[in-house]
Amino acid sequence: MTGTERELRPFRLPSLRWTGIFVLLTLLSLDIWAWDSKAVIGGWLPVWVFHLLVLQFVLAFALWRFTQEWKP
Amino acid sequence: MSPTLIVLAVLTLYLAGSLWVGWRSWRQGAATLDDYFVASRRISPLVLFCTLAATNFSAFFFLGFAGASYRLGWPFYGLMAFGTSLVGLSILLLGVPIYKLGKAKGYLTPPELITGESGSQMLGWLYGAVLVIFTLPYLAVQPYGAGLVLESLTDGGIDGFHGAVLLTGVMLIYIWLGGMRSSVWTDLLQGGLMLGLMLTAVLVVMQGLGGFGTVGGDLAAAHPQKFMREGAVTWQVWLSYTLLWPMVVPMFPQLFSRFYIAESDKALRTAAWLYPTIVPLLFLAPVLLGVSGNLDFPELAKAESDSIVPILLLEHAPLWLAALVMTGALAAFMSTADSQLLAMSSILTRDIAASITELKEDEQYSLGRWLVVALAIVGLALAYDPPDTIFNVVSQAFTGLAVLFPTTVALLWWRHTRSEACIASILTGETLVAWTYLAAQGGGIPEWFTQGFHPSMPIIFLSAVILIVGSLLLGKDSET
């Protein structure tokens, strides 16, 4: 086994900041404070679904940034 | 032209297209074990993303997803979407390490990596056994879904089981020829069809029902509960599914194996952020269809509601268009089933046959192709009379596979991991899966165990605790 192969594991995150960001986004997706929401947008899209849509695009952006930083 | 002939004409075109793409891919590849199982590790970023998505989104995405949305309403979007977007994080944090280890050490299957990194053949076999046992029922969902489509489209004219046999036969031809390379490139055709035709279905049905605003207004008046989470789902169940998808999806052997095929880690990085870019919009389509089905057909039984997409199309579109759109469901079936067959064949070839015999590489190549045929027959046999609706069949497999998540993460990310603790973790987890399944059939899973969460959550949690505590204790013993 070469030195490079031995050094592959364990993999490591660049910083705890990213863990915090992904946990925060997951908690925000719960949207528990508006659980009983009945509001809709455009007559057909529940507001809480719109909230989830936005969060997923934020997640996509966060992942894109993360890929720039984390290069094991 | 009779309805059956129209469906057959559309079907023939699609199957001929799949065979052509599969044949072309085979011609460009090499007849080697490495090319057959991991496409010589040369798949580019965009193609990798497409094959990951097409493989993940199965017949369940086209049929069961809309069926569940019909029953539960918009809350089903919440149960599926954010968690599936988080799969992008798994692609990055598991996929990149798996790719790097696979390339450095020549791994072709998931259990090979587990065996190689833990140094325990027993753990590798256990891991492989779990993958095969829980992928078989999942595999049965695919031909079952295809059968539902064909029966609905032809009003029973084409027997679903025989249609599934035909589709499986075509799939076998291109997988037999080109293995992973054919699977990946047919995924592009099938994924594109699935996406384009699902969006067409939404537009056609919405137009037929009077437009988005009218549908929403009518639904809000007749079925207001379909818009609300309260009463439909609890936050515990919601969180459970959000956490379950990023843990279980990379454990599907057909997804795990695809981490090996990337041409570089850039391919996986790209797929990671593309996943949550596409999923949010893509998942709106089957939910919209399912929820809207309540307007025309408010009293469907649970099993019938899994056919809500073909039912709606037959109501609101000409037959030729309905047949065309539902080809997307057939594409979804084939894009997942061919990958499952290949992944399981590779496990049985490499982790069982090659580990206990002296098979040369060309013999493994030949055995792998025959195993694809044998596994397809087993899958069809299971699909002949599936035990419950699509979602229930698949849900048993999900928890069983998710038990492997703590072991996979620990081996990649934690240097104190001990193989004995991994074995204990998996055995405990699978015992709990069996127990919760039996309890659900009887008086129900006790509340003290789930605390309101999906049963997979306490099972994965306990598996992780056993792995961590066991590794720390065994680590201490070895130091003294």
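**A shared core, two domains and a partner chain**

In this predicted model, F283(B) makes a good starting point: leaving aside residues up to four places away in sequence, F283(B) touches F57(B), F61(B), F65(B), Y77(B), M80(B), A81(B) and T84(B). F283(B) also turns up, along with W74(B) and Y77(B), among the residues with the most contacts inside the largest nonpolar core, a set of 177 residues. The biggest share of that core comes from helix α9 of chain B (residues 160-209), which puts in 17 residues. The core also draws on both domains of chain B, with at least three residues from each of domain 1 (3-389) and domain 2 (403-480).

Those two domains are how chain B is divided up, with domain 1 covering 3-389 and domain 2 covering 403-480. Taken over C-alpha atoms, the centres of domain 1 and domain 2 of chain B sit 27 Å apart. On the domain 1 side of chain B, 30 residues take part in the contact, and on the domain 2 side, 22 residues do. Putting an area on this contact gives about 2100 Å² buried between domain 1 and domain 2 of chain B, with 86% of it coming from carbon and sulfur atoms. Three residues stand out here: L123(B), L126(B) and M247(B) supply 23% of the area that domain 1 of chain B buries against domain 2, more than any other three residues.

Two helices of chain B are worth a look for how enclosed they are. Helix α17 of chain B, residues 319-356, runs for 38 residues and reaches 54 Å from its first C-alpha to its last, close to the 56 Å expected at 1.5 Å a residue. Of the 38 residues in α17(B), 30 are buried, so the helix is largely enclosed by the rest of the structure. Helix α20 of chain B (residues 405-413) is a similar story: eight of its nine residues are buried, so α20 too is largely enclosed by the rest of the structure. The buried set in α20(B) is made up of F405(B), P406(B), T407(B), T408(B), A410(B), L411(B), L412(B) and W413(B).

Chain A, for its part, has three helices and two strands, and from the N terminus on these run α-α-β-β-α. Of the 72 residues in chain A, 39% count as buried. Looking at contacts in chain A with a separation of 6 or more, 60% are between residues 24 or more positions apart.

The two chains meet through 42 residues of chain A and 49 residues of chain B. An interface is often sized by the accessible area lost when its parts come together. By that yardstick, chain A and chain B bury about 4200 Å² between them, with carbon and sulfur atoms accounting for 75%. In chain A, the residues losing the most area to chain B are R9(A), W35(A) and W44(A), which together make up 18% of what that side buries.

W44(A) comes up again around a glycine of chain B. G216(B), found in helix α10 of chain B (residues 212-222), touches G43(A), W44(A) and F227(B), again not counting residues up to four places away in sequence. With a relative accessibility of 2%, G216(B) counts as buried. G216(B) and S292(B) are 76 residues apart in sequence, yet their C-alpha atoms are 8.2 Å apart in space.

A couple of backbone oddities come next. D31(A) has a positive phi of about 55° although it is not a glycine, and D31(A) sits in the loop between α2 (16-30) and β1 (40-41) of chain A. At 5% relative accessibility, D31(A) counts as buried. In chain B, A39(B) also has a positive phi, about 50°, without being a glycine. A39(B) lies in the loop between α2 (33-38) and α3 (45-56) of chain B, and A39(B) is buried, at a relative accessible area of 1%.

Finally, the cysteines. A search of the whole structure, over all chains, turns up zero disulfides. C50(B) is partly exposed, with a relative accessible area of 29%, whereas C422(B) is buried, with a relative accessible area of 0%.

Methods. Residues are numbered from 1 along each chain as its sequence is written. Chains are lettered from A and ligands numbered from 1 in the order in which they are written. This is a predicted model: local features need pLDDT of at least 70, side-chain atom pairs count only at pLDDT 80 or more; totals for chains, interfaces and linings use all residues. Side-chain values use heavy atoms; hydrogens and water are left out. A nonpolar core is a set of buried Ala, Val, Leu, Ile, Met, Phe, Trp, Tyr and Cys residues joined through side-chain atoms within 4.5 Å. Buried means under 20% relative accessible area, exposed over 50%, partly exposed in between (1.4 Å probe, protein chains only). Helices (H or I, at least four residues) and strands (E, at least two) are DSSP runs, numbered from the N terminus. Domain bounds come from an automatic or database domain assignment. Contact means heavy atoms within 4.5 Å. The expected span of a helix is 1.5 Å times one less than its number of residues. A disulfide is a pair of cysteine sulfur atoms within 2.5 Å. Buried area is the accessible area (1.4 Å probe) that two parts lose on being put together, summed over both.
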